[in-house]
Amino acid sequence: MNASGVLSQTVSLLKRLQEAEVGAVVTKSITYEERKGYENPTFIKINCGYLNAMGLPNPGFREFLKELSLCRDEFKVPIIVSIAPSEPKQAREMATTFKNIASAIEINLSCPHSEKLGLEVFNDAKLTESIVKNVKDGFDKPVFCKLPPYRNEVLGIIDSLDNCDAFVVSNTIRAMKIDIKAKKPVLSNKFGGLSGKALHPISLALVFELYEKTKKPIIGVGGVESWEDAVEFFLAGASAVQVGSVLEKKGITIFKELVEGLEKYLKEERISLEELIGLAHDS
Ligand code: RRO
């Protein structure tokens, strides 16, 4: 599946995504109210990956539901709706609203650069717990928590997220680029999230550690650019992977490349995908 936010900002992009070999599509994070997002530049390439600070541009949950409902029948794969709530009551209302359309809800607890959203919510353990509980109460299908890549904080809170059904590991790392001629940060928001190559080993290590600490399924995300990167996530313990930044570079054909590479590897290694999951822990 795609990572939230990449080629999934609109319903028409989601429809295009599902033409690729995806198991599911994940929407851009949707907030209670409409958000315009930040001014450009919002996305830049740097030498170790990408930096973004889009600022959660989205039409708000009611409008997004309307758009999605209009073409519900055109979707052949499950839709995972990513929500970015600030507080429990709104979180529950959003989750309930999508219950006839979403196969799962992914709660964004980790956007690294937005006020009162994402990481700021995550840093308040009680608020996070209450949001997850409210989403679970309002939605009778699986609820995923998308976590930040910060090991100590994640391990500190993981037990209190017992209400959710799976973890998505991980969102981008708070980061920055400075233009040395202009002598100021390049992104309009100054801070952004680092994704791509540099994120992969960091997310991978967290997936590996979480696999030993939780029985819940883990979805690995961060810098998957090749089937080998995906195999690493499975070996670390992920049951599925999401693909983000590379979609910007290669487009949706990357999914076919990943599936074919993975199938060939499994055949050569005479192993099933189920057997591969977590295998790096036995050695
Ligand atoms: O929209 C964004 O700027 C954004 C989000 Br919601 C997120 O979760 N992670 C990220 O790097 N950017």
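Asn 108 puts a polar side-chain atom 2.8 Å from an oxygen atom of the ligand, which counts as a polar contact (a pair of N or O atoms within 3.5 Å). This is a predicted model, where local features need pLDDT of at least 70, side-chain atom pairs count only at pLDDT 80 or more, and totals for chains, interfaces and linings use all residues. Residues are numbered from 1 along each chain as its sequence is written, and side-chain values use heavy atoms, with hydrogens and water left out.

Here are the side-chain distances to a ligand oxygen:

| Residue | Distance to a ligand oxygen atom |
|---|---|
| Asn 108 | 2.8 Å |
| His 113 | 3.4 Å |
| Thr 172 | 2.7 Å |

On its own the ligand exposes 310 Å², and the protein buries 93% of that (Shrake-Rupley areas, 1.4 Å probe).

Now for the shell, meaning residues with a heavy atom within 4 Å of the ligand. Among them are Lys 28, Met 54, Leu 56, Cys 111 and Asn 171. Sorted by class, that shell holds five nonpolar, six polar and one charged residues, with Gly put among the polar ones.

On to the cysteines. The disulfide count is zero, where a disulfide is a pair of cysteine sulfur atoms within 2.5 Å. Why does Cys 145 stay unbonded to Cys 164? Because their sulfurs are 3.7 Å apart, too far for a bond. Cys 145 is also buried, at 0% relative accessible area (buried is under 20%, exposed over 50%, partly exposed in between; 1.4 Å probe, protein chains only). Cys 48 is partly exposed at 32%, and its closest cysteine sulfur, in Cys 111, is 18 Å away, too far for a bond.

Notes:
A polar contact is a pair of N or O atoms within 3.5 Å; within protein, one must be able to donate a hydrogen and the other to accept it, and residues adjacent in sequence count only if both atoms are side-chain atoms.
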